[in-house]
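Let's take a walk through this structure together, one stop at a time. Have a look at it first, and then we'll start with a question.

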Amino acid sequence: MTEQTQGIGLEGVAASGRPPAPTPAQRLARDAADAAEVRRWQDHPDVIALRVERVRAQVDRLCWAGIVLGLAFTMANVQWFAAAGSVPWSLPWLAAWLLDPTVSLVLLAILRAEQVTARYQVHTGRWVRAAKWLALGATYVMNTWASFAAGSLAGVVLHSVPPLIVFAAAEAITDLRDKLTEAVNAAFTEAAERAEPPTLVDKPPEERKPKPSKERRTKSTRRKLFADYLGDARRAWAPDVVITPAWIREVTGCSRGLSPQLAAALADELNSTPDGEETQS
């Protein structure tokens, strides 16, 4: 009787073409396995770093949109300032439209370069910041000159807001990228430490290494900055050493792009020290 019942059940399944429905326990087991797989990948260091990378991309897009819109707002006022009452559609009137794009393109080029250098935490020189401030200052003056000349306080406020916002965003976006880069590195390091396999308990006590504290781990994984490289070079310098980028790379292990800046900074520091005495950090 049992064999006949099983045969009838198999024939029913074969006839319908559908497998038997999973039991509640099977569904729960499948859901638990899926949840464990998702959680394992969510805690993966690369996935965590990718999330921060996406936030950094969103910050970049929003800042770029605000900067471009702010510069576009100032274009008409700068053109009016440069035209100086010229007849519309005359050659001076048309040439006046080139002034604002000239300044804006230089500013955007500097900000685009800082976008890459900030990603790798390479500090730019003073000329880069001077050029950026000059472009922003020129935009502000040309945009508000007519309002200042007319004594219109409302006009000064109206035409000051976009250039000042662009100025603040141009300065803040570099620091934001630098801090977001540190956040990516910190998130990856912390997730990698959590993902490390536990120490085997069967190791002898003398082979077991104590787990470093959070403060020590943070210190050991901190990204080396420009001042750190400069301090290493300062300590390695001797009076008979010729400061060159190659020597800087040899004693500090810095990148080829950073070594000329370190060499120039160390040379300036030593030249400003009385009698060429070595400064200690």
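Which residue forms a salt bridge with R56, and how far apart are the closest N and O atoms? The partner is E53, and the gap between those atoms is 2.5 Å. Keep in mind as we go that this is a predicted model. Both residues sit in helix 3, three residues apart, which is about one turn of the helix. Their surroundings are worth a look too. R56 has a relative accessibility of 5%, and because anything under 20% is called buried, R56 gets that label. E53 comes out at 23%, so E53 counts as partly exposed.

That pair is part of a wider set: searching the whole structure turns up four salt bridges. Another of them joins K132 to E114, with the closest N and O atoms 3.1 Å apart. Here the bridge ties together distant parts of the chain, since K132 belongs to helix 6 and E114 to helix 5, which covers residues 99–119; the two are 18 residues apart. Both K132 and E114 are buried.

Now move further along the chain. R234 and E269 also meet through their side chains in a salt bridge, at 2.5 Å from N to O. This one links distant parts of the chain as well: R234 is in helix 9 (residues 226–236), E269 is in helix 11 (residues 259–271), and 35 residues separate them. Are these two buried or exposed? R234 has a relative accessible area of 12%, so R234 is buried. E269, at 18%, counts as buried too, because the cut-off is 20%.

Next stop, helix 7, which runs over residues 153–195 and holds H159. With a relative accessible area of 14%, H159 is buried. What does H159 touch, leaving aside residues up to four places away in sequence? The list is F73, N77, N143, T144 and S147. With S147 there is also a polar contact, side chain to side chain, of 3.4 Å.

Let's finish on the outside. On the surface, W80, F81, V141 and W145 form a nonpolar patch, and together they have about 450 Å² of accessible area. Where do the patch residues come from? Helix 3 (45–83) and helix 6 (126–150) each supply at least two of them. W145, for one, lies in helix 6. You've met both helices already: helix 3 holds the R56 and E53 pair, and helix 6 is home to K132.

Key. Residues are numbered from 1 along each chain as its sequence is written. This is a predicted model: local features need pLDDT of at least 70, side-chain atom pairs count only at pLDDT 80 or more; totals for chains, interfaces and linings use all residues. Side-chain values use heavy atoms; hydrogens and water are left out. Patches are made of residues with over 30% relative accessible area and no salt bridge: like charges are joined within 9 Å, nonpolar side chains (Val, Leu, Ile, Met, Phe, Trp, Tyr) within 5 Å. Accessible areas come from the Shrake-Rupley method with a 1.4 Å probe; for residues, only the protein chains shown count as cover. Helices (H or I, at least four residues) and strands (E, at least two) are DSSP runs, numbered from the N terminus. Buried means under 20% relative accessible area, exposed over 50%, partly exposed in between (1.4 Å probe, protein chains only). A polar contact is a pair of N or O atoms within 3.5 Å; within protein, one must be able to donate a hydrogen and the other to accept it, and residues adjacent in sequence count only if both atoms are side-chain atoms. Contact means heavy atoms within 4.5 Å.
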